[in-house]
Amino acid sequence: MAEATQASLLQWSVMHSQNTQHQQQKQQQIDSKWVDVILGKKDAVKMKESVAIVEDVSRTLEDRVAAFDELEMLIESGDNARDLRPLDLWTPVLSLLASGAAHPRLRFYAAWVVGTAVQNDEKVQNDFLDIGGLEVLIPALASESDIQVLAKLIYALSSLIRNNPRALSAISSNNGFASLRALLSTQPTASPLAPYDEPDSPPINDPYVIHKRVIALLTSIFNDRTPESFELLEVHGFARVVCELVEAEVGKVPAVGIGMVDFIEKAMQFVGSVARLYASAGKGGDGNVRKAGREFIVDAEKAVAVSRRCEGCENVVGSAERVLMILKGIASSWPL
């Protein structure tokens, strides 16, 4: 009886072992595509596949744009954005910015991907600088003629410098601020096309999109009140350019509408930021800073006075009043 029991156990053990091996073989034979269907592809795989479609010139423009859109959504996650460099995906994205022959919608999304990836992430910002991304971004900014692409390039630049002194210094040494200065001097022009990310929508019809974005970028820099701020003001004359632009455009407010009102409001916020910057120098500022500050007061008071006459610009008037108070404080604290 004991021998029969031992034989039964042995037979059961052998059968169980065979069944286990058979199950393992069946598991190994499962097609990996079904694993992807069940568990979903890893984000890194999705990112590589998206870029492959973007690069494939045999695909339709809509396919390539859709792939770029998916990539932009994927890198909203900081971890995924950090994978752009190890996956070697920066190069194909930047190649579209470097190529003036690429369709504007592809350049638009390339700039959008850059801006989304680098925002608020010092590691990704430094990765972008290390691979020479700025050497592509600045020339693209200087040569781009499409309004919507330009707006996204400025967004990318704004995201890159956020809380990153290294990026700010690199932009200065690569003539990035000269390009921004040139954009402020251009004639305000609206894009005649529908938004590239919403092609079924009507055109934005705001001629001040570029000027407002440049001014907002500069305001964020001067709000930080870094030692380089005075140099930027002196070398590029941003304050005077903005003030003169306000004087030239303010008479169009009743005819142009919301776009102009928003532009003037942002311009006044910029003027206030610069005024606070000069106020922070106080009596301790050197003679050149005080001289530049007095010249700024003259320009700014003209722009503020003009802005206060705008019809239907209550928010602008409020900003102008606050700026004027700051300017008076500056004038009273600096000896002649």
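**Figure 1. Surroundings of Ser273 in helix α17 of the predicted model.** Ser273 belongs to helix α17, residues 258-281; helices are DSSP runs of H or I with at least four residues, numbered from the N terminus. At 1% relative accessibility, Ser273 is classed as buried, a term for residues under 20% relative accessible area with a 1.4 Å probe and protein chains only. Apart from neighbours within four places in sequence, Ser273 touches Thr219, Phe222 and Asn223, where contact means heavy atoms within 4.5 Å. Residues are numbered from 1 along each chain as its sequence is written. Local features need pLDDT of at least 70 and side-chain atom pairs pLDDT 80 or more, whereas totals for chains, interfaces and linings use all residues; side-chain values use heavy atoms, without hydrogens or water.

**Figure 2. The stacked aromatic pair Phe68 and Tyr109.** Rings of Phe, Tyr and Trp (its six-membered ring) are paired if their centres lie within 6.5 Å; planes under 30 degrees apart are stacked, over 60 edge-to-face, and the rest tilted. The model holds 11 aromatic pairs by this rule. In one of them, Phe68 and Tyr109 are stacked, with 6.2 Å centre to centre and 15° between the planes. Phe68 is part of helix α4 (residues 61-74) and Tyr109 of helix α7 (residues 104-118), so the pair ties together parts 41 residues apart in sequence. Phe68 and Tyr109 are both buried.

**Figure 3. The stacked aromatic pair Tyr208 and Phe263.** The ring centres of Tyr208 and Phe263 are 5.0 Å apart, with 15° between the planes. This pair links distant parts of the chain, 55 residues apart: Tyr208 is in the loop between α12 (176-184) and α13 (209-224), and Phe263 is in helix α17. Tyr208 is buried because its relative accessible area is 3%; Phe263 is likewise buried, at 0% relative accessibility.

**Figure 4. An aromatic cluster and the rings beneath Lys152.** Ring pairs join Phe68, Phe108, Tyr109, Trp112 and Tyr196 into a cluster. Lys152 lies over the face of Trp112, 4.0 Å from the ring centre. The charged end of Lys152 also sits over the ring of Tyr155, at 5.1 Å from its centre. A charge sits over a ring if NZ of Lys or CZ of Arg is within 6 Å of the ring centre and within 35 degrees of the ring normal.

**Figure 5. Span and buried residues of helix α15.** Helix α15 comprises 12 residues (residues 238-249), and its end C-alpha atoms are 16 Å apart, in agreement with the expected 16 Å. The expected span is 1.5 Å times one less than the number of residues. Buried residues in α15 include Phe238, Val242, Leu245 and Glu249.

Notes: Helices (H or I, at least four residues) and strands (E, at least two) are DSSP runs, numbered from the N terminus. Buried means under 20% relative accessible area, exposed over 50%, partly exposed in between (1.4 Å probe, protein chains only).
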